[in-house]
Amino acid sequence: MQDDQHTPEDWGLATLAVRAGHRRTAEQEHSEPIFPTSSFVYGSAAEAARKFGGEEPGNVYSRFTNPTVHTFERRLAALEGGERCVATASGMSAILATALALLSAGDEIVASRSLFGSTVSLFDKYLSKFGITTRYVELSNLDDWEAALSPATRLLFAETPSNPLAEVVDIAALSRIAQRHGAWLAIDNCFLTPALQQPLALGADLIIHSATKYLDGQGRAVGGAVVGSDKLLEEVYGVVRTCGPCMSPFNAWIFTKGLETLSLRMKAHCASAMELAQWLDGHPAVERVHYSGLPHHRQHDLAARQQSAFGAVLGVEVKGGRDAAWSVIDATRLLSITGNLGDAKTTITHPGTTTHGRLSAEQKAAAGIEEGLIRLAVGLEDLDDIRRDLARGLDALV
Ligand SMILES: *Cc1c(COP(=O)(O)O)cnc(C)c1O
């Protein structure tokens, strides 16, 4: 008899993505069901008392637990190789819940400089109000990390690869630094997903996800997740359960179904990104392509070792500065001009005036955000169509 409660340890990633986490109900449904309910009922007053008191497991209220959300959590935990996952309302609330769960006034975070913009605002504008301070370091420079740590450092936070220059950090080496200092290492795994990079196996303590991106993969819903050990995730769960940034059952269902095609989609995203990077690298209007899949990328070897592919976000620096970059963006008819990524639809943006627009000229220069830089998040359209859409603007520059 088949036992769908059990996830065999030897299942491969694509199998886990399709099968893990679903506990079939008495209705014998094949596809994962949605439970759009805020609360749950009990057979008796005594059962209600036991469940409220936590003496008996079971659903009470959907801010605490929901079966559809649990299915998503079990599936993502299986893919990341974590003991437990807690789903959240957004990627940002995954980071907030982690910080509230693990940090107190006086604690320090050391983070890579090239972080998602709202993450920097969360750290600098809000956590700082509660006495939690953040120091920023160069993502790839382990000496820089080591030098920034103090006895108050409790959390190391990195996004690897970086956006949009595809810089990477050696996760295993960084986790050894964290361990030596008694700090936790959290990796935002949004850009690669567990299909391409599994930070827990490399020694990280926590994974942060914006499910909004590749986990859904079709731009339909906002959500997030934290994955790690039972012990740490029990703390994160406490925050989500009490403070309320929980995932809705509808969104959990979308993400669960999204995961079923994750492996396949990431392969297709990466294959197109690699071909585009190679083509752009040889285009006369292009100064430089930042993609770790290209052998001339400064960290190609580390990326090849640590990741099973190179992702689908490219930085393309065109000759002629901002005017040239804007003209290439404005010449597109197919690509979406938007800062979002992780979608079946290819997106194009000018980081210097959008995602990195808050930085001063000096900060941009230090971060390598040149005025001619364009970011592409390669989608699933026919490669020839994407290439033709870019060629229109690029060819006009030469
Ligand atoms: C989008 C994003 C986030 C935030 O996720 P939301 O779902 O938008 O809250 C965090 N980190 C990275 C790398 C992202 O791209």
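**Ligand, sheet and helices**

Student: What makes the pair formed by M92 and the ligand a polar contact?

Tutor: An oxygen atom of the ligand is 2.9 Å from a polar backbone atom of M92, and this counts because a polar contact is a pair of N or O atoms within 3.5 Å. The model is predicted: local features need pLDDT of at least 70, side-chain atom pairs count only at pLDDT 80 or more, and totals for chains, interfaces and linings use all residues. Residues are numbered from 1 along each chain as its sequence is written, and side-chain values use heavy atoms, without hydrogens and water.

Student: Which distances involve the side chains of S210 and K213?

Tutor: A polar side-chain atom of S210 lies 2.8 Å from a ligand oxygen. For K213, an N or O atom of the side chain is 2.6 Å from an oxygen atom of the ligand. The protein covers 91% of the 380 Å² of accessible area (Shrake-Rupley method, 1.4 Å probe) that the ligand has on its own.

Student: Why are strand 1 and strand 3 called edge strands?

Tutor: The open sheet of 7 strands has the order 1-7-6-5-4-2-3, with mixed pairing. Strand 1 (84-88) and strand 3 (133-137) each pair on one side only; pairing takes at least two DSSP bridges, and strands are DSSP runs (E) of at least two residues, helices (H or I) of at least four.

Student: How do you know that strand 5 and strand 6 pair?

Tutor: 3 bridges join strand 5 (residues 184-188) to strand 6 (residues 206-210), and the two run parallel. A186 stands opposite L206 in strand 6.

How values were computed. Polar contact = N/O pair within 3.5 Å; in protein donor to acceptor, adjacent residues only side chain to side chain.
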